[in-house]
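Biologist: I should like to learn how the terms used for a protein model are justified. Would you take me through them, one at a time?

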Amino acid sequence: MSGISLTTAAEIQEKLLKGPFHQWLGLEVISVTEGEITLKAHFRDEWVVNPAGGYIHGGILAALVDLTADWALFAWTGKGVPTLDLRVDYHRPAKGDLIAEGKVIKSGKQFSSAEARIFDSEGRLVASGRGLYSTATV
C-alpha cells in the first residue's frame, strides 16, 4: 500500500483531541503506520448501559468503529473524510478500557473503505465493523 501521507502518532493525537467528543472519549493514539492506527479509549462511567453488569453501550462501540476507521484513512490521506455508510457487528459485552485498531481496506479517488476492531481490557474482540468514506474531496 502506498498512501499520500504518513502522519506521526503525536500529530494525529493533536488533531484528534481538537474534537470535544474525542476528548470526552479519552482517546489516546497508541500507534500509527501507513493506513493503520491503534487507539485506546479510557473507560468512563457514562458509557455504561447496564449498571448491574457494567457493560458499555453499543453506541460507544459503534462510534469507536467509525472514528477508528476514519482516522486510519486520515493516516493514509492526511485529511478527514466523511462517513457514507457504516456496518458494526457486536461480538460480546464490553467493559473497561478499549483498544481500537483501524486499517484501510481500499483507497479510491471517489470512495475508500476501512475497517476497525474493538477489544476489551482483556484483549477479547467486542465489536468490529467497516465503513465507506468519501475521498472525492481529499
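Modeller: The discussion below concerns a predicted model, and it passes from the sheet to the helices and then to the aromatic rings.

Biologist: What makes the sheet an open one, and in which order do its strands lie?

Modeller: Six strands form the open sheet, in the order β1-β2-β6-β7-β8-β5, with antiparallel pairing. At the edges stand β1 (27-33) and β5 (83-90); each has a single partner strand, so one side of each is left without a neighbour in the sheet. From one strand to the next, the twist averages 20°.

Biologist: How do you know that β2 and β6 are paired?

Modeller: Two strands pair if at least two bridges are found between them. Strand β2 (residues 36-41) is joined to strand β6 (residues 98-106) by six bridges, so the criterion of at least two is met. The two strands run antiparallel, and K40 stands opposite I99 in β6.

Biologist: What supports the pairing of β6 with β7, and of β7 with β8?

Modeller: The β6 and β7 strands pair over seven bridges in the antiparallel sense, and A100 stands opposite I118 in β7. A hairpin of four residues joins β6 to β7. Between β7 and β8, which also run antiparallel, there are nine bridges; F119 has L125 in β8 as its bridge partner. The hairpin of β7 and β8 has five residues between the strands, and G123 takes a positive phi near 85° there.

Biologist: Why is E115 called partly exposed?

Modeller: Residue E115 is found in strand β7. Its relative accessibility is 32%, and partly exposed covers values between 20% and 50%, so E115 receives that label. Leaving aside neighbours within four places in sequence, E115 is in contact with residues including A69, E101, K103 and R130. By contrast, E115 and H42 are 21 Å apart in space, C-alpha to C-alpha, and 73 residues apart in sequence.

Biologist: How does the span of helix α3 compare with the expected one?

Modeller: Helix α3 (residues 58-77) has 20 residues and reaches 29 Å from its first C-alpha to its last. That is close to the 28 Å expected at 1.5 Å a residue. Just after α3, G78 takes a positive phi of about 85°.

Biologist: What makes α3 mostly covered, and where does the helix pack?

Modeller: Of the 20 residues in α3, 17 are buried. As for the sheet, helix α1 (residues 9-16) lies across β1 and β2, running at about 145° to β1. Helix α3 packs on the sheet too, touching β1, β2, β5, β6, β7 (111-119) and β8 (125-134), and its direction makes about 130° with that of β5.

Biologist: Why are T68 and T77 called buried?

Modeller: Buried means under 20% relative accessible area. T68, in helix α3, has a value of 0% and therefore counts as buried. Leaving aside neighbours within four places in sequence, T68 is in contact with I37, L39, A100, E101, G102 and A116. T77 also has its place in helix α3; with a relative accessible area of 8%, T77 is therefore buried. A polar atom of the T77 side chain lies 3.0 Å from the backbone oxygen of K79.

Biologist: How many aromatic pairs are there, and why is the pair of F21 and W24 called stacked?

Modeller: The structure holds three aromatic pairs. The ring centres of F21 and W24 are 6.1 Å apart, within the 6.5 Å limit for a pair, and their planes stand at 20°, under the 30 degrees set for stacking, so the pair is stacked. F21 and W24 are three residues apart in helix α2 (residues 20-25), about one helical turn. Both are partly exposed: F21 has 42% relative accessibility, and W24 has 30%.

Biologist: What makes the pair of F43 and W47 edge-to-face?

Modeller: The F43 and W47 rings have their centres 5.8 Å apart and their planes at 80°; an angle over 60 degrees counts as edge-to-face, so the pair takes that name. F43 is partly exposed, with a relative accessible area of 29%, whereas W47 counts as buried at 1%.

Key
Residues are numbered from 1 along each chain as its sequence is written. This is a predicted model: local features need pLDDT of at least 70, side-chain atom pairs count only at pLDDT 80 or more; totals for chains, interfaces and linings use all residues. Side-chain values use heavy atoms; hydrogens and water are left out. Rings of Phe, Tyr and Trp (its six-membered ring) pair if their centres lie within 6.5 Å; planes under 30 degrees apart count as stacked, over 60 as edge-to-face and the rest as tilted. Buried means under 20% relative accessible area, exposed over 50%, partly exposed in between (1.4 Å probe, protein chains only). The expected span of a helix is 1.5 Å times one less than its number of residues. Axes are lines fitted to C-alpha atoms, for helices over the stretch in contact, and angles run from 0 to 180 degrees between N-to-C directions. Contact means heavy atoms within 4.5 Å. A polar contact is a pair of N or O atoms within 3.5 Å; within protein, one must be able to donate a hydrogen and the other to accept it, and residues adjacent in sequence count only if both atoms are side-chain atoms.
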